[in-house]
Structure formats: structure tokens, C-alpha cells
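Here is a quick tour of one protein model, from its ligand sites to its domains and helices. Have a look at the sequence and the structure first.

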Amino acid sequence: MEKSNNYYIKTNRAFSHIRKYGWIITVLIAIGGQWEPKLGLTVVLIMAGLTITAFFNGRYWCGNFCPHGSLFDTIILPVTRNKKIPDLFKSKVMIIGFFAIFMVNFMRRILSVSRYWGTYDFFDKLGYLFSSTYLIVLIVGGILATLINPRTWCQFCPMGTLQKLAYKLGKAIGITKKTEKKITISSQEKCYKCGKCAKVCPFQLAPYLEFSNENKFDNINCIKCSTCVANCPAGILSLKNGNETEKVS
Ligand code: SF4
Ligand code: SF4
């Protein structure tokens, strides 16, 4: 069914301090890093963190730790037009094409910075590379978030694609079977089919239409943010990894 632009609802998504205040890290790295480039080196830790968590738990980082995600969901949500995300931004051509262009450009810049290895300037140059990349995401992602939907950038974000690759590796090895948390419905018979879970989903996914026979939502793009859990009027959704449920306040 084609969704109208008024289908989606703005609702609180900041269920933790990290999700509420993580945007401060974005501003510090992206803007502060223009004056103090070493702040950009924090991005190395962020990239390591998102790759490792994705290996065990898919795009959990995007929904729970990402500083840009916090900016989009906390600062931009109140002012966004909250429209339907155009299919182009979700297409394979866009996701793979943008990832390839980003990676080639990123590696080219890393190589040029590597010439400074061993000099006093090396860490400033490297930090500036990361900081300026963070600033570009803040500007482009922020404009898309305001004009279209907070999580528009996230549809083709190279770090999201990197997480999907790490997740596929974890899945192929068989790790994710034990570690991955998925949106789970306690009973499909109790679902009102009201679509509220789809209307509040930051990624505009529709869990109620896609539950498996094991009552799991298997969509690789789910960022496990629990916004659907907090808003389901039937109270039948949870984020589970088999034997444990995550609480949402
Ligand atoms: S919000 Fe809950 S009751 Fe409504 S469609 Fe989704 S799972 Fe079903
Ligand atoms: S399906 Fe639920 S947990 Fe997954 S992204 Fe949408 S709202 Fe978040």
C-alpha cells in the first residue's frame, strides 16, 4: 500500500541518556574538530564500536548509540517535515553506489594523510579528516532530516552499510543466532493491525506486516530502537534475543 505523506507520526525516540544527549558528541567532533582536529580521532572508536556491535547485533548501534542518530531523533525531530522517505534513497543502486564512492574517497584521503606518518602533524591531519567527514554528514544529513525525514541519511549511510556487512559475517558464522535482539511479537492473533508500529518507526518499516512464523521481525534494516515497542497499543512487542526482554521507559 502506498503511504501518504501524513501517514507517519512524530513520537519520542530518546529512551536513554545516550540517545537524548549523544548529539553533543556530533557537534563537538564536527564543529569543535575544525579548531581542535584531534577531537576527530574519536571517530576511530565510533567506527570500531559500530562494526563490533553489528557483528553481534545488526544495526543496534544506529538506533541506540549513533551520535548523528541522536541529533536526527532529538534535535531535528521537532522541526522535520516527517515525510515519506523517497524509495531512491533506499535503493540498492544508491546504497552500494554511495558506499563505493565514499570508501574510495575515504581511502584516497587516508593515503594522503599517511605521508605525514611519524611527523608532529600526523594526528592533527588524521583527526581533521574524520572531523570534516563528520561535519559533511551533519550538514547533508541535517538538511535531509529537516526537509524529508530525520532518518533519511541513515538509509544510505556508509556506516550503516558497513554494519550490514559485519552483521552478514556474524550471521554466516552463526554468532547472531545467540546474540541478536529482534523485535518480537508475543502473539500475532492479538495484533490489532492498526499499523501504529509502522507509523512511528524512524526507518518507516512495517513490522506488523512482516513477522515470521517464529514471531520475529527479521528485517536487516531494523535499528532496534524500540520505538514500535513503546507505542504498540496492544503491548505485544518487545526487543528480545531469545530469553531476555529489553525494557523501554
Ligand atoms: S502497533 Fe501493535 S497492535 Fe498495532 S499493528 Fe503494530 S503490532 Fe499490531
Ligand atoms: S521496527 Fe521498531 S525497532 Fe525496528 S527500526 Fe522500526 S521502530 Fe525501531
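How many nonpolar, polar and charged residues does the shell around ligand 1 have? By class, there are 11 nonpolar, 1 polar and 2 charged ones. Here Ala, Val, Leu, Ile, Met, Phe, Trp, Tyr, Cys and Pro count as nonpolar, Asp, Glu, Lys and Arg as charged, and the others, Gly among them, as polar.

Before going on, a word on the model: it is predicted, with local features needing pLDDT of at least 70 and side-chain atom pairs counting only at pLDDT 80 or more, while totals for chains, interfaces and linings use all residues. Residues are numbered from 1 along each chain as its sequence is written, and chains are lettered from A and ligands numbered from 1 in the order in which they are written.

**The two ligands**

A residue is near a ligand if its C-beta atom, placed from the backbone, lies within 6 Å of it. The two shells look like this:

| Ligand | Residues around it | Closest residues | Classes |
|---|---|---|---|
| Ligand 1 | 14 residues | Cys191, Lys196, Cys197, Tyr208, Cys232 | 11 nonpolar, 1 polar, 2 charged |
| Ligand 2 | 15 residues | Cys201, Cys222, Cys225, Thr227, Cys228 | 11 nonpolar, 3 polar, 1 charged |

**Two domains**

The domain assignment, with bounds from an automatic or database source, gives domain 1 (17-169) and domain 2 (179-246). Their centres, taken over C-alpha atoms, are 26 Å apart. Across the boundary, 15 residues of domain 1 are in contact with 12 residues of domain 2, contact being C-beta atoms, placed from the backbone, within 7 Å. On the domain 1 side, the elements that give two or more residues are helices H3 (42-57), H4 (60-64) and H9 (158-173). H4 gives the most, with 4 residues. That side of domain 1 has 6 nonpolar, 4 polar and 5 charged residues. Helices (H or I, at least four residues) and strands (E, at least two) are DSSP runs, numbered from the N terminus.

**Helix H8 and the loop at Thr80**

H8 (residues 122-147) has 26 residues, which should span 38 Å at 1.5 Å a residue, and its end C-alpha atoms are indeed 38 Å apart. The expected span is 1.5 Å times one less than the number of residues. Its buried residues, among them Leu126, Tyr128, Phe130 and Ala145, pack against H2 (23-30), H3, H5 and H7 (92-114).

Thr80 sits in the loop between H5 (67-76) and H6 (87-90). Why does Thr80 count as buried? Because 21 other C-beta atoms lie within 10 Å; the cut-off for buried is 20 or more, exposed means 12 or fewer, and partly exposed is in between, with C-beta atoms placed from the backbone. Leaving aside neighbours within four places in sequence, Thr80 touches Ala145, Thr146, Asn149 and Pro150.

Asn82 is in the loop between H5 and H6 too. Asn82 has a positive phi of about 55 degrees although it is not a glycine, and with 18 C-beta neighbours inside 10 Å it counts as partly exposed.

**A strand pair**

Strands S1 (residues 182-185) and S2 pair in the antiparallel sense over 4 bridges; pairing needs at least two DSSP bridges. Ile185 stands opposite Leu237 in S2. Side chains alternate along S2 (residues 237-240): Leu237 and Leu239 point to one face and are buried, whereas Ser238 and Lys240 point to the other and are not.

Note on methods:
Two residues are in contact if their C-beta atoms, placed from the backbone, lie within 7 Å.
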